[in-house]
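I wanted to go through this model with a few plain questions in hand, and I kept my notes in the order in which I looked things up.

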Amino acid sequence: MNPINHSHNKHFCSAACRRTEGKFFAPLALLPLILFLLCACDAQTASTPEDDLARARSSMRQRDFMEAEKSFERYLRRAPDGEARWEVWNRLVDLALDVRHDKRAAEELLEAMLLEFEKEPTRRRESQDWLARLYESDHNYDRALELWLALIRDGETPSEMKAESYRSLARIYLRRLEFELTKEVLGYCLQLDVSPALKGRCQYDLADAYTVMEDLDAASKTLQDLLMAKGVEEPLRVLAVFMLADVLEQQGKNDTALELFESIKNSYPNAQVVEERINYLKKARKSVTPAPPAPDRVRK
């Protein structure tokens, strides 16, 4: 039987306790944090793409846009065949434009959408048009023209979308002072079987192009044809009257121009501008010195 050395045992316990204090008790203080992280990881692992989508939608309602963006992106990664991918892509573009004000990021997202929805014509065309408009606003005219031309050449593109694409092409060509191309594409627009309202917008664009080209006779005729057409929307009709009055004033037909300005003084969006034009023409009329009467001829 071996005797127990109590003093040695007491010394051993004291040393062990000190080692325990330094090496084992400190991690125990972190145990709640470790358990929290493990639970968070388990919860994330256990969640589904539908949970990500629900979290993203909830975050959007609460205006927690950073969390919404992360959850939408996580859904795209985890649900490659998810039914909500179209919605999620669109929300990400909205967040890039409206929250982060990052146009380049939105363009990259839409370029990715073109690839993903290549075999879904309706969604592809919608993404294509949106992307073209973004590139136009970013002054990337070549890429915008490429996208709109592809829409026009697509045999399944609806006539209304083709007409809007022609108008967009004309807008860029006119900005580049490519007048012949501007007239050509707007001529194609007018040949399409579209609503009278949309055809009227094509006519208005053409008249506007003629004024830029300083072809006032052509502008006047195009505007008069537009105003005589049926189905022209009232806001467009008012704009056309204003443009025609401006053209006639430039042609020196001040009385007719004055009548037209007065006819829209209560309906034009900027009433002050119309009032100024009316006052100017009235003053011009008063300042004109009347010609002296012709003298009577002496009868022989």
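**Entry 1: salt bridges**

I began with charged side chains, and found that arginine 143 and glutamate 111 meet in a salt bridge, with 3.1 Å from N to O. The two partners come from distant parts of the chain, since arginine 143 belongs to helix 9 (residues 141-153) and glutamate 111 to helix 7 (residues 103-116), 32 residues apart. I note here that the model is a predicted one, and that every distance below is to be read in that light. For glutamate 111 I looked up the accessibility as well, and at 24% relative accessibility this residue counts as partly exposed.

Next I turned to a bridge within one helix, where arginine 167 pairs with glutamate 164 and the closest N and O atoms are 3.1 Å apart. Both residues sit in helix 10 (residues 159-175), and because they are three residues apart, about one helical turn separates them. Which of these two partners is buried, and which is partly exposed? Arginine 167 counts as buried because its relative accessibility is 17%, below the 20% limit for that class, whereas glutamate 164, at 29%, counts as partly exposed.

I then found a bridge with the same spacing in helix 14, where arginine 237 and glutamate 234 lie three residues apart, about one turn of the helix. Their side chains meet at 2.9 Å, N to O. Here arginine 237 is partly exposed, with a relative accessible area of 29%, and glutamate 234 is partly exposed too, at 43% relative accessibility.

How many salt bridges does a search of the whole structure find? The search returns 32 of them. I also wrote down a network of salt bridges that links Asp52, Arg55, Glu67, Lys70, Arg74 and Arg78.

**Entry 2: the nonpolar core**

I asked next which residues touch the most other members of the largest nonpolar core. That core has 75 residues, and the ones with the most contacts to other members are Phe72, Val88, Leu169 and Leu223. Helix 14 (residues 234-250) gives the most to this core, contributing 10 residues.

I followed leucine 223 further and, leaving out residues up to four places away in sequence, I found it touching Ala207, Ala240, Met243, Leu244 and Val247.

I also looked up serine 165, which has its place in helix 10. Serine 165 counts as buried because its relative accessibility is 0%. Apart from its neighbours within four places in sequence, serine 165 is in contact with Trp148, Leu151 and Ile152.

**Entry 3: aromatic pairs**

I counted the aromatic pairs and arrived at four. In one of them, tryptophan 86 and phenylalanine 117 are arranged edge-to-face, with 5.0 Å from centre to centre and 90° between the planes. Tryptophan 86 lies in helix 6 and phenylalanine 117 in the loop between helix 7 and helix 8, so this pair ties together parts that are 31 residues apart in sequence. Both rings belong to buried residues, tryptophan 86 at 15% relative accessibility and phenylalanine 117 at 3%.

Another pair I checked joins phenylalanine 242 and phenylalanine 261, whose ring centres are 5.4 Å apart and whose planes stand at 70°, so the pair is edge-to-face. Phenylalanine 242 is in helix 14 and phenylalanine 261 in helix 15 (residues 254-263), so the pair ties together parts that are 19 residues apart in sequence. I found phenylalanine 242 buried, with a relative accessible area of 13%, and phenylalanine 261 buried as well, with a relative accessible area of 0%. These two residues and Tyr268 form one aromatic cluster.

**Entry 4: backbone angles**

Last, I looked for positive phi values in residues other than glycine, and noted histidine 101, with phi near 55°. Histidine 101 lies in the loop between helix 6 (85-99) and helix 7, and it is exposed, with a relative accessible area of 63%.

I noted histidine 139 too, which is not a glycine and yet has a positive phi of about 65°. Histidine 139 is found in the loop between helix 8 (121-137) and helix 9, and at 58% relative accessibility it counts as exposed.

Note on methods: Residues are numbered from 1 along each chain as its sequence is written. This is a predicted model: local features need pLDDT of at least 70, side-chain atom pairs count only at pLDDT 80 or more; totals for chains, interfaces and linings use all residues. Side-chain values use heavy atoms; hydrogens and water are left out. A nonpolar core is a set of buried Ala, Val, Leu, Ile, Met, Phe, Trp, Tyr and Cys residues joined through side-chain atoms within 4.5 Å. Buried means under 20% relative accessible area, exposed over 50%, partly exposed in between (1.4 Å probe, protein chains only). Helices (H or I, at least four residues) and strands (E, at least two) are DSSP runs, numbered from the N terminus. Contact means heavy atoms within 4.5 Å. A salt bridge is a side-chain nitrogen of Lys or Arg within 4 Å of a carboxyl oxygen of Asp or Glu. Rings of Phe, Tyr and Trp (its six-membered ring) pair if their centres lie within 6.5 Å; planes under 30 degrees apart count as stacked, over 60 as edge-to-face and the rest as tilted.
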